[in-house]
Amino acid sequence: MKVLVAVKRVADPDNLSKIKLTAAGRIDTAGLEAKASPYDEYALETALRLTENGANTKQRLGEVIAVTFGPKEAEQMLRGMLGTGADRAIRVDATDDALDGNLVARGLKALVDREKPDLVLLGYQQTENESNEVGQMLAEYLGWPQATFAGAIRSEDDKALVVGREIEGATAHVRVTLPAVVTVLDKIVHPKSVQSKHTAPSHAYPEGVRFAALMAIMAAKKKPLDQVALAEIATDVSLRTLYGPAELAPRRAAGVKVKDAKELVNKLQTEAKVI
């Protein structure tokens, strides 16, 4: 199986409380570490599990390609993913302000046409503004079947996937023939959430994603990492979505204590005017 994994580089989501706004209403992420969106890391882990025997994770039994749209600095993230087990990486040279979900989907479609993977994996959303659109638009542009919100995947001889889609209060199991587009949730990295054709059904992975040791990252420098110009894969680079300035929510007034229910009701009626 050949799997293409789309990854977005974002400001560290564990420190979003440090984000500030500029005078122009733009988000200032200075001082925050840039890293892969967590759900995209789950997508990479899924791809690795689908292309290996879990008892011997050092032998890749398929091909995994990590792709990102971003500046030169994003190559450090891709090198880490190569160290984790991806075979190749592609960076489409672009800046965030020159991209939107639709343009990324169109660019990915062009890369899929070139690479001809059996499967495209993405996180179900990216953590910066929690948008959830690229996977669905990509499937539409390709004319491929898709499964979203995947919490479990079982390969049927690498010709089809049975995907456990997390829905309200339940799991819906859908079967998609390959090639296909799948977006994944955090449940996908539970010990038995991914079953490849190469791994015994009884095998259980460690919880979560794997991390590359320093030696593996150093060795990954020998793996291919290609750069592609955005204009090379997208003849139309116009944006369909434009973002206006942002502003912080107004600071809430301090609360007050009341001595009894009667005073509370009175304040709700006369001051808050909600009853």
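Trainee: So buried means under 20% relative accessible area, exposed means over 50%, and partly exposed is in between; in this predicted model, which of those does R210 count as, at 21% relative accessibility?

Mentor: R210 counts as partly exposed, because 21% lies in the range between the two cut-offs.

Trainee: And what does R210 form a salt bridge with?

Mentor: Its partner is E52, and the closest N and O atoms of the two are 2.9 Å apart. E52 lies in strand β6 (residues 52-53) whereas R210 lies in the loop between β15 (194-195) and α5 (214-219), so this pair ties together parts that are 158 residues apart in sequence.

Trainee: Is E52 buried or exposed?

Mentor: E52 counts as buried, since its relative accessibility is 0%.

Trainee: How many salt bridges are there in the whole structure?

Mentor: A search finds 21 of them, and one of these is between the side chains of R114 and E232, at 3.1 Å from N to O. That pair also links distant parts of the chain, with R114 in helix α3 and E232 in helix α6, 118 residues apart. R114 is partly exposed at 45%, and E232 is partly exposed too, at 49%.

Trainee: Which residues are joined into one network by salt bridges that share partners?

Mentor: Those are E45, R49, E52, R60 and R210, so two of the names belong to the pair we began with, E52 and R210.

Trainee: Changing topic, why is strand β10 described as largely enclosed?

Mentor: Strand β10 covers residues 119-123, and five of its five residues are buried, so the rest of the structure largely encloses it. L119, L121 and G123 point one way from β10, while V120 and L122 point the other way. That fits a general pattern, in which the side chains of a regular strand alternate between the two faces of the sheet.

Trainee: Which strands run parallel to β10?

Mentor: Strand β1 (residues 2-7) pairs with β10 in the parallel sense over three bridges, and strand β14 (residues 180-184) runs parallel to β10 and is joined to it by five bridges. If you look for L121 in β10, you will find V5 opposite it, and V182 in β14 also stands opposite L121.

Trainee: Last one, what does the side chain of S155 make a polar contact with?

Mentor: The side chain of S155 is joined to that of D158 by a polar contact of 2.7 Å. S155 is found in strand β11 (residues 146-156), and it counts as buried because its relative accessibility is 9%. Leaving aside neighbours within four places in sequence, S155 is in contact with several residues, including M1, L50 and K197.

Note on methods. Residues are numbered from 1 along each chain as its sequence is written. This is a predicted model: local features need pLDDT of at least 70, side-chain atom pairs count only at pLDDT 80 or more; totals for chains, interfaces and linings use all residues. Side-chain values use heavy atoms; hydrogens and water are left out. Helices (H or I, at least four residues) and strands (E, at least two) are DSSP runs, numbered from the N terminus. Buried means under 20% relative accessible area, exposed over 50%, partly exposed in between (1.4 Å probe, protein chains only). A polar contact is a pair of N or O atoms within 3.5 Å; within protein, one must be able to donate a hydrogen and the other to accept it, and residues adjacent in sequence count only if both atoms are side-chain atoms. Contact means heavy atoms within 4.5 Å. Two strands pair if DSSP finds at least two bridges between them. A salt bridge is a side-chain nitrogen of Lys or Arg within 4 Å of a carboxyl oxygen of Asp or Glu.
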